[in-house]
Amino acid sequence: MQFGRLTFVPAATAPELVAEPVRPLLRDGLWVSGIDPELADTAAFCEHYGIGLDASANCVVVEARRAERTWFAACLVLASTRADINGIVRKHLGARKISFASMDTAVSLTGMEYGGITPVGLPSDWPILIDEKVVAAGPVIIGAGLRGAKLLAAPEALSSLPNAEVLTITKD
């Protein structure tokens with residue numbers, strides 16, 4: 001399947017292109033393509049491979065705190081938008097404080113490479129908040145857990161992930 005200047009194959013047929021935690025969740029609706037790992041960052045990736053920011057989604061890991069409890073969640077938003085972390089996401093998660101997880105923490109807890117973190121294969125107890133604009137966009141490009149590949153994900157493949165919830169997490 002062609003998307004931009006990339007050719008994707010069903011992800012289940014090329015598990016070596018995705019991070020280990022992603023592999024058990026490869027299913028219909030997920031395709032994978034190898035990319036140059038030096039071009040994994042969103043702006044460079046989209047420009048080089050001819051993908052619009054509105055067809056690419058970023059997964060950010062947040063660290064939420066309330067009293068003595070600390071927990072993590074992921075937010076998936078189109079690259080053309082920004083998650084309202086301190087407002088909508090913090091309130092939805094019931095956190096008193098919230099911040100982006102540090103690179104070391106995100107990499108350690110997910111088992112994925114920084115710049116390639118994907119909602120597919122995250123720890124099973126993490127909430128995955130998917131902005132409704134991601135689902136409305138149709139298939140979108142997301143990380144594959146490794147910087148050297150990207151997944152093309154159908155909306156139903158994302159919304160059916162464990163602990164996934166589709167809601168508005170961006171402000172216009």
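# Reading salt bridges, a helix face and a sheet

Guide: Let us start with one pair: the side chains of Glu20 and Arg23 meet in a salt bridge, with 2.8 Å from N to O. This is a predicted model, in which local features need pLDDT of at least 70 and side-chain atom pairs count only at pLDDT 80 or more, while totals for chains, interfaces and linings use all residues. Residues are numbered from 1 along each chain as its sequence is written, and side-chain values use heavy atoms, with hydrogens and water left out.

Visitor: What is the rule for a salt bridge, and how many salt bridges does it give?

Guide: Side chains of opposite charge can pair when their charged atoms come close. The rule asks for a side-chain nitrogen of Lys or Arg within 4 Å of a carboxyl oxygen of Asp or Glu. By this rule there are four salt bridges.

Visitor: Is Glu20 buried or exposed?

Guide: Accessibility is read in three classes: buried is under 20% relative accessible area, exposed is over 50%, and partly exposed lies in between (1.4 Å probe, protein chains only). Glu20 counts as exposed because its relative accessibility is 53%, whereas Arg23, at 32%, counts as partly exposed.

Visitor: Which residue forms a salt bridge with Asp41, and which parts does the pair tie together?

Guide: Helices (H or I, at least four residues) and strands (E, at least two) are DSSP runs, numbered from the N terminus. The partner of Asp41 is Arg147, and their closest N and O atoms are 3.3 Å apart. Asp41 lies in the loop between β4 (30–34) and α1 (42–49) and Arg147 in the loop between β9 (140–143) and β10 (149–153), so the pair ties together parts 106 residues apart in sequence. Asp41 is partly exposed, at 45% relative accessibility.

Visitor: Where does Asp84 lie, and what does Asp84 touch?

Guide: Asp84 is found in the loop between β6 and α2, and it counts as buried because its relative accessibility is 15%. Contact means heavy atoms within 4.5 Å. Leaving aside residues up to four places away in sequence, Asp84 touches Val89, Ile169, Thr170 and Lys171. With Lys171 the side chain of Asp84 also meets in a salt bridge (3.9 Å, N to O). Lys171 lies in the segment after β11, so this pair ties together parts that are 87 residues apart in sequence. Lys171 counts as exposed, at 61%.

Visitor: Which residues of α1 are buried?

Guide: They are Thr42, Phe45, Cys46 and Tyr49. An arc, taken over the directions from the helix axis to the C-beta atoms, shows how such residues are spread. Here the buried residues cover only 95° around the axis, which puts them on the same side of α1. Ala43 and Glu47 are exposed on the other side. The buried residues pack against β2 (6–7), β5 (57–66), β9 and β10. Gly50, with a positive phi near 70°, follows α1.

Visitor: What is the order of the strands in the open sheet?

Guide: Two strands pair if DSSP finds at least two bridges between them. Five strands form the open sheet, in the order β7-β5-β6-β8-β11, with mixed pairing. β7 (97–100) and β11 (164–167) are the edge strands, each pairing on one side only.

Visitor: How many bridges join β8 to β11?

Guide: Strand β8 (residues 128–131) is joined to β11 by four bridges, and the two run parallel. Leu129 stands opposite Glu165 in β11.
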